[in-house]
Amino acid sequence: MLEKKFNFAARFLSALAWAAPAFFAFPGASFADEPNYDEAKVPKYELPDVLSLPGGGAPAGTALEWLCGVRPGLREIFEGEIYGRVPPRPDKLDFKLLESGYAFGGKAIRKQIRITASDAAGEISFDMLLYIPKDGGDAKKAGSPRVAEGDFFNGKNFPVILGLNFEGNHATCSDANVIVKEFLRSNGKMSADGASKRGKKSRRWPYELAISRGYAVATICYLEIYPDFKGDLAKRASALKIFGEEIAASDCGSIPVWTWGISRAIDCLESLREIDAKKIVLLGHSRLGKTSLFAGAMDERAAIVVTNNSGCMGSALSRRKFGETLDIMCGPVGHWIKKSAHAYRGREEFMPVDQHQLMALVAPRPLYVASASEDLWADPKGELMALVEASKVYALFGARALPSMENFEIEKPFMGDVGYHLRRGKHDILEYDWSNFMDFADAHFNAAGGGKKN
């Protein structure tokens, strides 16, 4: 019966045939100059069925049918046509402890680890900052310049929150021991203000709160993996440079390369006995929230996926054309996605997929979507609408505590089999957000069968 209803090969070919016209320029495509913030101007649209492959066919009626008959085809479209393919695992990986010490008055252990990936055309290195809880930390040793490997290991391992950062590891906290690095910026030049940025983004990284709740936190600056600007210079400086010519020259957006970097961070975390690698919370904000969602869909080692204020090509439905749109995004930051996706500028209704289907690729693992009430650029309503649609797939896996549009209320978090909150305020990630993410993770890590029921 399953084989009869879900002949994957036939349905996938049908999907490609249906989507083929989108690979070519649309005559008369109109590109918007200004974002739309008026719900009355949202166009009428029809969402692709999250339970079916694009092009139609019988919808999946069970989790197995969706996993075998729908998920592979959706993943192929998102990688092959929308974002680009995630580069392969490199031939060689090396993890080097650069520095370690006690932090936050002895409450945590700091580790700074250099991840080096090598392949046919060379190598690339990037640094991960990791804080690990130390129960009953010895304040007398706070500030110790180095802790030998294993000196502090007491048989415990901890869940970890992993996320990329924007300004450098040293910008995420005021810890004077965090190594200062400079990166290629959007002008193609190395920044010269590294030290001045120490601690400038610390409000976005409440390490001590996470440590107090029993979570390790790991971060890498995304610019070390792929500099965030257009052109060959950025590409040649990115992780793509270590691979052969075919991969290095591929039509791959920066989001899949940042995703590749996240996967290498997970490789490293899996090697550390202080970390419970089965309890990795993958977190991202804004463009890095787009990345955390895509990475969570691609790398199933992420136990929980969190996307915060990620908007267009993140959590928001593209077909709504509200706030930031694909049209607008493809101008200054079109390098985030695959060039073939640019053909849908102004014609999002022709896309074979939309973001609720990307969210569904995370299932059955817990997913948390966070919005902000004043962040109209990210279309908070469209973010919840996508999650509600994606929840139809979670229901196939037995999930019952699922959100509805009634949950579009300010600071009344929904904590179920998936999670959602609408924070008061602007485009940002704050302690309020982190607290909710950890509440959600606590429920799923500590309770069998899902989170707290509303």
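Modeller: The accessible surface of the protein comes to about 18000 Å². Carbon and sulfur atoms hold 52% of that area. Areas come from the Shrake-Rupley method (1.4 Å probe; for residues, only the protein chains shown count as cover). This is a predicted model: local features need pLDDT of at least 70, side-chain atom pairs count only at pLDDT 80 or more, and totals for chains, interfaces and linings use all residues. Residues are numbered from 1 along each chain as its sequence is written, and side-chain values use heavy atoms, with hydrogens and water left out.

Colleague: Why is D127 called buried?

Modeller: Buried means under 20% relative accessible area, exposed means over 50%, and partly exposed lies in between (1.4 Å probe, protein chains only). D127 has 4%, so it counts as buried.

Colleague: Where is D127, and what is it in contact with?

Modeller: D127 is in strand β3, residues 122-133. Helices (H or I, at least four residues) and strands (E, at least two) are DSSP runs, numbered from the N terminus. Leaving aside neighbours within four places in sequence, the contacts of D127 (heavy atoms within 4.5 Å) include R114, K181 and E224.

Colleague: How much of the protein is buried?

Modeller: Buried residues make up 57% of the 454. Helix α8 is mostly covered, with 16 of its 17 residues buried.

Colleague: What span does α8 have, and what is expected?

Modeller: α8 covers residues 254-270 and reaches 24 Å from first C-alpha to last. The expected span is 1.5 Å times one less than the number of residues. For α8 that is 24 Å, and the model is close to it.

Colleague: What about C268?

Modeller: C268 has 1% relative accessibility, so it is buried.

Colleague: How do you know that C330 is in no disulfide?

Modeller: A disulfide is a pair of cysteine sulfur atoms within 2.5 Å. For C330, the nearest cysteine sulfur is that of C312, 7.7 Å away. C330 therefore fails the cut-off. The whole structure holds zero disulfides. C330 is also buried, because its relative accessibility is 5%.

Colleague: What makes the nonpolar surface patch?

Modeller: Y37, L376 and W377 make it, about 270 Å². Patch residues have over 30% relative accessible area and no salt bridge; like charges are joined within 9 Å, nonpolar side chains (Val, Leu, Ile, Met, Phe, Trp, Tyr) within 5 Å. A salt bridge puts a side-chain nitrogen of Lys or Arg within 4 Å of a carboxyl oxygen of Asp or Glu.

Colleague: Why is Y37 called partly exposed?

Modeller: Y37 has 41%, which lies between the two limits, so it is partly exposed. Y37 is found in the loop between α2 (8-19) and α3 (63-69).
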